[in-house]
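Me: I would like a close look at how strands and enclosed spaces are built here. Please begin with one strand pairing and work outwards from there.

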Amino acid sequence: MRDPRYDILFEPVRIGPVTAKNRFFQVPHCNGMGHERPRSMSSMRGTKAEGGWAVVSTEECEIHPTSDLSPEIEGRIWDDDDIPALARMVDAVHAHDALAAIQLVHNGPTCANRYSREPPMGPRHEPVSMYDPVQAREMDKEDIRNVRRWHREAAVRAMQAGFDIVTCYAGHGLALPMHFIQRRRNIRTDEYGGSLENRVRLLREILEDTHDAVGHKCAVALRFAVDELIGPAGIMGADEGRGVIELLADLPDLWDVNVADWKNDSSTSRFSEEGSQLDHVGFVKSMVKKPVVGVGRFTSPDTMVSVIKRGLLDFIGAARPSIADPFLPKKIEEGRADEIRECIGCNICVAGDFTVTPIRCTQNPTMGEEWRKGWHPERIAPKKSEASVLIVGAGPAGLECALWLGRRGYQVHLAEAENAIGGRVARESRLPGLAEWGRVRDHRHVMLAKMPNVSTYLASRLGPEDVLALVKDLPADHVVVATGAKWRRDGVGRANAFPIFDHSSVFSPDDVMDGVEIEGPVVVFDDDHYYMGGVLAEKLAAKTPVTLVTPANVASAWTANTLELAPINRRLRERGIRVVTSKNVVSFDGSKVGVSCVFGGPLETIDAKSVVSVTSRLPTDSLVHALRDRLSIRAIGDAFAPSTIAAAVYSGHRYARELDEPKLTLPFLRDGNLRPRLDSAP
Ligand code: ADP
Ligand code: SF4
């Protein structure tokens, strides 16, 4: 039964002509499936509706070929052929008594129209975002009329597809109505430029057009970034953000407010906490009579209640918390708040957009797999045999495997060498800013404690003979090796195919996490390019001078995909860490590190007493090699192929799903378009 403290979260809220059954609102989020993989996209959205979200929205949907974000895959509503794919999503959402929302966008100068080849356009002549050698041309009055017409037609198509809420988009610095508001972009001298009232004109007209076209049936929402967090150069909450709200006040049926740009809106847990946007958006509700939704990686029902009671928001908006746990509302409603799989704020989900691949989530391995693999975030097929399983290693892979094998009803024995579970997430969550990553362990810990058929043995480092004995004594039919991986100390990685280090003052990330004393000054050689090099540099810099050397052209290069590139590089500078880019480390003699420019040129040296080598890892898989001919034994997670935490969780989950199930030729279904005229085209 629901805790009465949370009743307020389940009150219905009226939005224009429609009513949301509770206060849980899945705001727009990209997913790398969109118009290219509509079955996958709609199934994912339907699962959220099943999980209790009262409103489930699409990602941004491009309204016209002049707004073409290819190759990134968003939503698309260019013409009637896009209706069936979107209607499929609406049906999936309606099947669970939730409202379906669509966010319409014209991306103006922030898209290069790589696929459509249409010249981009915006309030002024300016180069497009990204480094495409392409400029957006200044829109004339006819262009403005066209954009309004396309938006109106898209709204009508959205209504035909069955959407309940049509969201006009002026957020993230990604949408034309926001570009018109931005002083730095809008230098027009006509009635669309100059005063704030003039710069808001396009947004006002789009809102009015949308109301006029579909307002009798659909609620018209506005997603607006009230602060760009760049001071007076941008929209500031205290100044023009407030001004826009005053000017539009009760024109939208719902205000969906956040901060821009995307990296600020979807800031990772390394850089901001739950509810961090409230300081910026909290003022909106006092200025409007219409309901307000806002986000802030809300996962705690107590925080949610407090946000509503303090009159800051009417809806708990969520993208990432709904990705990590599509059943978050249901769990609160059913008195199972302790079972919420809390988002860890790592932004692996965001990386799908940048890498143009279906969304993945560290906490929720079923995300994006709902249709193509038939994976449900809460349900799994019961066991198909009486087999019992010994899992060696309780890191993310072993824990996830144990949890879902346990859910299937198998007898599971989980042996862990250390005195605590968690493996790499236990260790890495102690690094600066990564505390929330411990939630990967915590959720599984809570769930496993409820399972009588899963036994966990701590301080149990198993060798081959131990495994053989246990398999006999327990007994166990299958052995799963989830023993993780170790960082190399020899420097082998992307830039160096052969060992470059053979010195006792070269350390690995494992050494740093083990608390080994490291004498400075230190060179951190980052040939991994994700978070580890940067975060270790940050940790070490608290005690000693640090230089980070990387063959990439920027520190922690891959974190561009998790929206962390700017905050990480800012933090490295703030901590006084010297960053040397486009240089490979080639030697270390105990006092000097030899570095070579990746573009050629003479060798240079950097003075250092120690090197921390962050290059690559090797699986800890000796158990498999020792026993593979004698037992049913398999490695999963990092012990099989070192990768992200998300990949380890997925690997453990997959083992549990596939045990005793028939092997498929292809492990998933392939998705494709649903556009009728295209399908019948020659
Ligand atoms: P993954 O990311 O694949 O889950 P981790 O490195 O996070 O891998 O976790 C591996 C876990 O396995 C660690 O907690 C480690 O202590 C444990 N482990 C490693 N070798 C053994 C062993 N021989 N017996 C039991 N546990 C082990
Ligand atoms: Fe949260 Fe990470 Fe999952 Fe994204 S990938 S929803 S940030 S846990």
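Reply: Strand β8 is joined to strand β9 (residues 135-138) by 2 bridges, and the two strands run antiparallel. Strands here are DSSP runs of E with at least two residues, helices are runs of H or I with at least four, and a pair needs at least two bridges found by DSSP. This is a predicted model, in which local features need pLDDT of at least 70, side-chain atom pairs count only at pLDDT 80 or more, and totals for chains, interfaces and linings use all residues. Residues are numbered from 1 along each chain as written, chains are lettered from A and ligands numbered from 1 in written order, and side-chain values use heavy atoms, without hydrogens or water.

Within that pairing, Pro127 has Gln135 of β9 as its bridge partner. The pair belongs to an open sheet of 3 strands, ordered β7-β9-β8, whose pairing is mixed. Its edge strands are β7 (121-122) and β8 (126-127), each of which pairs on one side only.

Another open sheet offers a second view of strand pairing: its 3 strands come in the order β24-β25-β26, and here the pairing is antiparallel. At its edges lie β24 (583-588) and β26 (604-607), each paired on one side only. Between β24 and strand β25 (residues 592-597) there are 5 bridges in the antiparallel sense, and Ser587 has Gly594 in β25 as its bridge partner.

Turning to the enclosed spaces, a search of the whole structure gives 5 cavities of 30 Å³ or more. A cavity is a set of points on a 1 Å grid over the protein atoms alone where a 1.4 Å probe fits but cannot get out, lined by residues with an atom within 4 Å of a point. The largest cavity has a volume of about 90 Å³, counted as the space filled by probe spheres set on the points. Among the residues that line this largest cavity are Gly34, His35, Pro38, Met41, Asp82 and Asn673, and two or more lining residues come from each of α1 (38-50), β5 (75-76) and α2 (83-94).

The second largest cavity, at about 70 Å³, is where ligand 2 sits, in the sense that more than half of the ligand's atoms lie within 2 Å of the grid points. Lining this cavity are Arg320, Ile323 and Ala324, together with others including Cys343, Cys346, Cys349 and Cys361, and helix α10 (residues 320-324) gives the most to the lining, with 3 residues. The shell around ligand 2, with a heavy atom within 4 Å of it, includes Arg320, Ile323, Ala324, Ile348 and Thr362. At least two shell residues come from each of α10 and α12 (348-354), and α10 provides the largest share of the shell, 3 residues.

Among the open spaces, the second largest pocket has a volume of about 860 Å³, a pocket being an open set with protein on both sides within 12 Å along at least five of seven lines. Of the 45 residues that line this pocket, Glu416, Glu418, Gly423, Thr483 and Lys486 lie nearest its centre. Helices α13 (396-408), α14 (423-428), α17 (509-513) and α20 (622-627), along with strand β19 (485-487), each supply at least two lining residues, and α14 gives the most, with 5 residues.
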